[in-house]
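Me: Could you take a close look with me at one part of this model, the place where the two chains meet? I would like a connected account rather than a list.

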There are 2 protein chains.
Amino acid sequence: MPTLTGILETSLYVERLDRAKGFYRDLFELEILVEDERMCALAVCEGQVLLLFKSGASRDGIDTGGGVIPPHDATGDLHIAFAIPAAELSRWEDRVGRLGIEIESRVGWPRGGTSIYFRDPDRHLVELATPGLWSNY
Amino acid sequence: MPTLTGILETSLYVERLDRAKGFYRDLFELEILVEDERMCALAVCEGQVLLLFKSGASRDGIDTGGGVIPPHDATGDLHIAFAIPAAELSRWEDRVGRLGIEIESRVGWPRGGTSIYFRDPDRHLVELATPGLWSNY
């Protein structure tokens, strides 16, 4: 069995790239790796990238010069979760509140973790979760 | 600035849970963390979970007993990328081929990485990528 290192890229599809990019940059202070009119790639941590795609703009294949990225596109309210340390949950709640983002729900998990849920500007469901949610987290 | 550890959960929405679960289990030999009629959580590595949701089944909030997971749902062909070591690319290509999965495209990146692209049973665009794609990978 060859090695799988992890999930490298997680994608969201957004109506307005500038608005979505602003939201995730302001909230998480992520570095922009690449951006153009079609998409924006944000570094979440070493080896993990959040991809924001303008809705409908990736429905045709993209010729990179080194090969073609095949078509993809989606609509709806996706779910994505980010990991945060347990000791920093209240600081994250403060930060989310100061940015004017409404916390839609809180969940306490049987393993001891806590999640808070809120919406990004495209109504994607964003979760911040402390350890103690899954057996591998 | 509070700490962001990484992306914990990446979601795909699928027509048939059993088919999608079978695909990702067969391809990656992932451990199932939780499964029911609505969703399946697969451990990709420490601290990273792939969530497969039956299309339409999460449109209402889910009461966990410890709080409510708010609604989410999406349609379309999402994109997700997995990280693999460069030295194991050919073994991955062999494995994908032996499972009868057609490789739709290959891309060579300016930093030296290589990506292969194929479809899961719901036509989500799956990428396996070696290091040398992004500045943080």
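To start us off, how many salt bridges are there between chain B and chain A?

Reply: Happy to walk through that with you. Keep in mind that this is a predicted model. Between chain B and chain A the count of salt bridges is zero. Polar contacts tell another part of the story: 38 residue pairs, both at pLDDT 80 or more, are in polar contact between chain B and chain A. The side of chain B that touches chain A is made up of 41 nonpolar, 18 polar and 13 charged residues.

Now for the extent of the interface. In chain B, 72 residues are in contact with 72 residues of chain A. Together the two chains bury about 5900 Å² between them, and 60% of that area is on carbon and sulfur atoms. Strand S1 of chain B, residues 6–14, gives the largest share of the side of chain B that touches chain A, with seven residues.

That strand also takes part in pairing across the interface. Strand S8 of chain A, residues 79–83, pairs with S1(B) in the antiparallel sense, over four bridges. If you want a spot to zoom in on, try A:Ala83, whose bridge partner in S1(B) is B:Gly6.

Next, the symmetry. In general, a rotation about an axis and a shift along it relate two copies of a chain. Here, a turn of 180° and a shift of 0.0 Å along the axis lay chain B on chain A with an RMSD of 0.0 Å. The two copies are therefore related as by a two-fold rotation axis. To find that axis from the side of chain B, look for B:Thr75: its C-alpha is the nearest to the axis in that chain, at 2.8 Å. Of the interface residues of chain B, 100% are also interface residues in chain A, so the copies meet through the same surface.

Back to the salt bridges, since your question began there. Over all chains the count comes to 17, while the count between chain B and chain A is zero. One to look at inside chain A joins A:Lys21 to A:Glu35, with the closest N and O atoms 2.3 Å apart. A:Lys21 lies in helix H1 (residues 17–28) of chain A and A:Glu35 in strand S2 (residues 31–35) of chain A, so this pair ties together parts that are 14 residues apart in sequence.

For orientation in the viewer, chain A has two helices and eleven strands. Starting at the N terminus, its elements run β-α-β-β-β-β-β-β-β-α-β-β-β. The C-alpha trace of chain A spans about 45 × 45 × 25 Å along its principal axes.

Note on methods
Residues numbered from 1 in each chain as written. Chains lettered and ligands numbered in written order. Predicted model: local features only at pLDDT ≥ 70, side-chain atom pairs only at ≥ 80, totals over all residues. Heavy atoms only, no water. Contact = heavy atoms within 4.5 Å. Buried area = accessible area lost by both parts, 1.4 Å probe. Salt bridge = Lys/Arg side-chain N within 4 Å of Asp/Glu carboxyl O. Polar contact = N/O pair within 3.5 Å; in protein donor to acceptor, adjacent residues only side chain to side chain. Nonpolar A, V, L, I, M, F, W, Y, C, P; charged D, E, K, R; others polar. Pairing = 2+ DSSP bridges. Least-squares fit on C-alpha atoms with pLDDT ≥ 70 in both.
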